[in-house]
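Student: Hi, could we go through this one together, starting with how the chains sit against each other?
Tutor: Of course, let us look at it first and then take your questions in turn.

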There are 2 protein chains.
Amino acid sequence: MKPLGTLYGLGVGPGDPELLTLKAARILGEVDVVFTSAQASTGKSLALEVARPHLRKSQEIVPVFFSHTFEGAASREAHRANAVRVLEVLSRPASAAFLTLGDPMTYSTFTYLLAALRAQEPGVPVAVVPGITSFAAAAAAAQIPLTEGNETLAVVSGARGPERVESALGLAENVVILKSYRHAEEICQLLDARGLADSTIYSIACSRPEGFTVQGLDAVPRDANPYMSLFVVKGAGPTVGTP
Amino acid sequence: MKPLGTLYGLGVGPGDPELLTLKAARILGEVDVVFTSAQASTGKSLALEVARPHLRKSQEIVPVFFSHTFEGAASREAHRANAVRVLEVLSRPASAAFLTLGDPMTYSTFTYLLAALRAQEPGVPVAVVPGITSFAAAAAAAQIPLTEGNETLAVVSGARGPERVESALGLAENVVILKSYRHAEEICQLLDARGLADSTIYSIACSRPEGFTVQGLDAVPRDANPYMSLFVVKGAGPTVGTP
């Protein structure tokens, strides 16, 4: 078998280039090739922008394409094609980093790529460098605990509507809602109906210069773009309404 | 009012000194005073050990004491006394960092200290620097996703027994169990009874030289010390058992 370089699944954190780990910054400067997950529609990569100050001039940057709207077979085919592309690079041999915003193991395209890579080449050398999540950054910016003592923290996707949010509110004192996208309005209505509007933090790209964090749903700007937005709901949970 | 220095709630990450953020490393080198949360029983601080390579020789290091066994009034009194001590330092004026393993907003003593500080001095200048959590590090080491797609991630405390674990298993595909302490045995029995023993990752201080991560409860060493241990349970959730 041809020797393969190592692929690093590399979390670049929530957006502030200073919120990379020392390890991520070191590896970015060492690898031969950098893969960035670009939006198929725009070709832009915020992860690459965050990583840029840590790259050498000579590094090869290779965009790989994903779309959040891919489903089922189209999505599997995109991951398979990206895995082929990554394996071609590793077999030069060359080392490479695959950049992800936040953490590579938390709602990231990296885990799909990793599964597709292993399906094609089970022994592929991989290392994962964890990153700061958007919700850890939002809690830090708002200076509110994500979870304390014996409380539960639930992290849910709002991409399919408020159903997951609703079940989480009954279980966990603290609920983080990511990927609310076009269901943001329904989710806000649900939080409002539960009396949780004032204790909810809303945040968009909070560690970026253009980002912000507000307390209370009334403070959410009407024209807020739900991409990269998140909610941190405090004060929910199984003991609400019990004496 | 006397001017106060800024207090930084500073996450040093899961144990590997390279898993600090660039921001945390910079601030550690800049502050006048470093507060470390020491175990009352041993006086040791792993957070300080992790931060040490980033400190200047001239920095003042002040241990503050907490005990995980403190409850109710004793705990409140300890946080109040620590807040007095911190405010004394800030009013010199001096800047200070309060170190926490992992992330300052995720099951950390910092959030209690912050509440006690604000009760005494509402305008105290505070900034929070997020850190890599132990469970993000464990998932990275085991190379398993913490959560994907539209799945839910629940992070629970096992300190009061398996009750929170049980309710989380019905809600979330992915369940992280921290603070299992003396309930580790019961929690393992519960996971086994649910058929989740093989898909559970067990990890202790995985980013430290003495740490490790294993897949499957059968692989957990009999003499494992549950301090700093955690479980990542995969394959639970609302759809288990439904066609």
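Student: How many salt bridges are there between chain A and chain B?
Tutor: Bearing in mind that this is a predicted model, the count between chain A and chain B is 4 salt bridges. In one salt bridge the side chains of A:R164 and B:E173 meet, with 2.5 Å from N to O.

Student: And which parts of chain A touch chain B?
Tutor: The helices α1 (22-30), α4 (110-120), α5 (134-142) and α6 (163-171) of chain A each supply at least two residues of the side that touches chain B, and so do the strands β5 (126-129) and β6 (153-157) of chain A.

Student: Which of them gives the most?
Tutor: That is β6(A), which gives 5 residues to the side of chain A that touches chain B.

Student: How do the residues on that side divide into nonpolar, polar and charged?
Tutor: On the side of chain A that touches chain B, 30 residues are nonpolar, while 12 are polar and 12 are charged.

Student: How many residues are in contact, and how much area do the chains bury?
Tutor: There are 54 residues of chain A in contact with 54 residues of chain B. Between them the two chains bury about 4400 Å², and 55% of that is on carbon and sulfur atoms. An area of this kind is often quoted because the size of an interface is often given as the accessible area lost when the parts come together.

Student: What about polar contacts between chain A and chain B?
Tutor: Counting pairs with both residues at pLDDT 80 or more, 34 residue pairs are in polar contact between chain A and chain B.

Student: Back to β6(A), what is it joined to in chain B?
Tutor: It is joined by 3 bridges to strand β6 of chain B, residues 153-157, and the two strands run antiparallel. Within this pairing, A:A154 has B:A154 in β6(B) as its bridge partner.

Student: New topic: how many salt bridges and aromatic pairs are there over all chains?
Tutor: A search of the whole structure finds 16 salt bridges over all chains. The pair of B:E173 and A:R164 joins two chains, because B:E173 lies in the loop between α6 and β7 (174-178) of chain B and A:R164 in helix α6 of chain A. As for aromatic pairs, the search finds 6 over all chains. One of them is formed by A:Y202 and A:F212, a tilted pair at 6.5 Å centre to centre with 40° between the planes. A:Y202 is in strand β8 (residues 200-204) and A:F212 in strand β9 (residues 212-215) of chain A, so this pair ties together parts that are 10 residues apart in sequence.

Student: Where is there a cis peptide bond in chain A?
Tutor: It joins A:R92 and A:P93, with omega about -5°, and A:P93 lies in the loop between α3 (72-90) and β4 (96-100) of chain A. In chain B, the peptide bond from B:R92 to B:P93 is cis, with omega near -5°.

Student: And what is the phi of B:Y107?
Tutor: B:Y107 has a positive phi of about 50°, although it is not a glycine, and it is found in the loop between β4 and α4 of chain B.

Notes: Residues numbered from 1 in each chain as written. Chains lettered and ligands numbered in written order. Predicted model: local features only at pLDDT ≥ 70, side-chain atom pairs only at ≥ 80, totals over all residues. Heavy atoms only, no water. Contact = heavy atoms within 4.5 Å. Buried area = accessible area lost by both parts, 1.4 Å probe. Polar contact = N/O pair within 3.5 Å; in protein donor to acceptor, adjacent residues only side chain to side chain. Helix = DSSP H or I, 4+ residues; strand = E, 2+ residues; numbered from the N terminus. Nonpolar A, V, L, I, M, F, W, Y, C, P; charged D, E, K, R; others polar. Pairing = 2+ DSSP bridges. Phe/Tyr/Trp six-rings, centres within 6.5 Å; stacked < 30°, edge-to-face > 60°.
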